[in-house]
Amino acid sequence: MSETQTAVNAIEMRGIVMEFSGVRALDGVDFSLRQGQVMGLVGKNGAGKSTLMKIINGVYTQTAGTVRFFGKNIDKSVSVREREQTVAMIYQDYSLVGEMTVAENIFLNTEPIRGALISDRDCIRKAAEFFRDMGIRIDPRQKVKSLSTGDMQMVEIAKAIMKQTKIILMDEPTAALDADATTKFFEIIERLKQQGYSIVISTHHLQHILDICDAVTIIRDGRACMAKEIRDTTLEEIIAQMLGESGFQAVKSRKPQDFDGLTPLLEVKDVTSKVIPEPLSFTVRPGEVVGLAGLKGAGRTEIFNVLFGIDPARSGEIRLDRKKLRVRQPCDAIRGGIFLVPENRHTQGLSLMHSVYDNSLLPLLPMLSKMRFFIDDRQGAQIVQEIIETMQVKTPGSDIAISKLSGGNQQKIVVGKALESHPKILLLDDPTYGVDIHAKGDITAAITRFTDAGGGVVFVSSELTEMIENCDRILLIKYNRIVGELRDVPRLGLTEDSLMAAIQ
């Protein structure tokens, strides 16, 4: 490759402005990506990261500014399909069809043709060759719905590469991956880099930016406030530039507390279900956060499903405040004082087509109904406003579609409506998944207020550091069973490595 070719950036954006109904989401952003470079794109929820990536991908057309790919000006009229010849986008929410095979998903709309027919044999062969070259064990004939989250991520990468694009954009690629899958993902990125791919990774996992990227660009309030090589910056500088707050302190670990002697608030005694064959028992005391730590698939979500009535218990009993609960469906759990913040807010926690108002009140309608026919809209409006203010949700109003909010603000609504149901026990399944460090702090503060008032929490996080920071006690989960317990976590001096070793 000549020096002239090397000097041409894969992406060159200058003075990018993006307005929505007169509101500037991006205000004069400059952004560049070298050939063969891995660039981290960082910012708070709502800072403008996703907007910038969608302009690159052609989903949005910038209000002003220029875009160049490999030195070629990209006119505003260039369609998404035309841009796909150069740029591929891997979204946080996978664009895969579960009922189709891996090979069918990879070549969807780009199927190899023999004569007048699609060649399934060629699809399977090419997919198998890719996975073999990348050191990935995935059967191209397997249906996508049966894959792990990590394998789905690899299929998305395969889709992007099979289109023979030169630039790959990734939105939160490691958010739902466990440690092993994340390591494999890092290896794939390094291989792609060596093959000359130019990659943009947008993520809230700031340590991953330091581990995998060559450079970082920080977006704050619609402007690019910093662009540096990774070797020239630190985690502390990235956080400070991202938040624009001097002296920002990360979320602090819970203070040591003495729960011995307290009567359990939640008692789970010898519970089994169709996916939990061996009797399960544990307790949660008032004000306590009990973590469930385990690898993906170990049974953490399955335990939540039993407690919330999604997968009703077949034997054993659940007691809350010493009273036996019969939890056959989620409404039984909510009435009894148990509320679940689910793992996936988009498919389980929200109705994206509806407003902030409707989403906030949906689980609260029984308490707002009068004579079973009428809803007290005045009380409903007060509750929604209280959620917005207490959780510090950034929204133009409660009537806006919740899909218009950033991921962090959507998650604040999910947590806020859970708290407004006045539960005694909160089940939190990865409550800070895919949110920035600021939103994470707001959610953690809300959890602390809840436990300070005597509520109990069962907590799961895909980030082991969050388990250590937020839990008073941690139960070790393997094969849908509790195999160990770490007591008095704030005093233990646990590290991420030691907790990882414990759950292996």
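Over how many bridges do strand β4 and β5 pair, and in which sense? Keep that question for the first stop; note before starting that this is a predicted model.

**Stop 1: the open sheet**

Select residues 64–69, which form strand β4, and then add β5. The two pair over two bridges, in the antiparallel sense. To see one bridge, pick F69 and look for its partner in β5, which is K72. Now widen the selection to the sheet, an open one of four strands in the order β2-β1-β4-β5, with antiparallel pairing. The edges are β2, at 23–33, and β5, at 72–73. Each of these edge strands pairs on one side only.

**Stop 2: the helix across the sheet**

Next, select residues 49–57, helix α2. This helix lies across β1 (11–20), β2 and β4. Relative to β1, helix α2 runs at about 115 degrees.

Within α2, select T51. Is T51 buried or exposed? The relative accessible area of T51 is 13%, which is under the 20% cut-off, so the residue counts as buried. Show its surroundings: leaving aside residues up to four places away in sequence, T51 touches M18, F20, A25, L26 and Y60. For a distance label, use the C-alpha atoms of T51 and Q62, which are 9.3 Å apart with the two residues separated by 11 places along the chain.

**Stop 3: a parallel pair**

Move to residues 87–90, strand β6. Show the side chains: V87 and M89 point one way, A88 and I90 point the other way, and all are buried. Then add residues 167–171, strand β9, which runs parallel to β6 and is joined to it by four bridges. One place to check is A88, whose bridge partner in β9 is I168.

**Stop 4: two packed helices**

Last, select residues 120–133 for helix α5 and residues 149–162 for helix α6. At what angle do they pack? The angle is about 115 degrees, and the axes are 11 Å apart. That makes α5 roughly perpendicular to α6. The crossing of α5 past α6 is right-handed.

To display the contact, select K126, A127, F130 and F131 on the α5 side. On the α6 side, select M154, V155, I157, A158, I161 and M162. Colouring by class gives nine nonpolar residues, no polar ones and one charged residue in the contact of α5 with α6.

Conventions
Residues numbered from 1 in each chain as written. Predicted model: local features only at pLDDT ≥ 70, side-chain atom pairs only at ≥ 80, totals over all residues. Heavy atoms only, no water. Axes fitted to C-alpha atoms, helices over the stretch in contact; angles between N-to-C directions. Parallel < 35°, antiparallel > 145°, perpendicular 65-115°, else oblique. Left-handed = near helix turned anticlockwise from the far one by under 90°. Contact = heavy atoms within 4.5 Å. Nonpolar A, V, L, I, M, F, W, Y, C, P; charged D, E, K, R; others polar. Pairing = 2+ DSSP bridges. Buried < 20%, exposed > 50% of the residue type's maximum accessible area, 1.4 Å probe, protein only.
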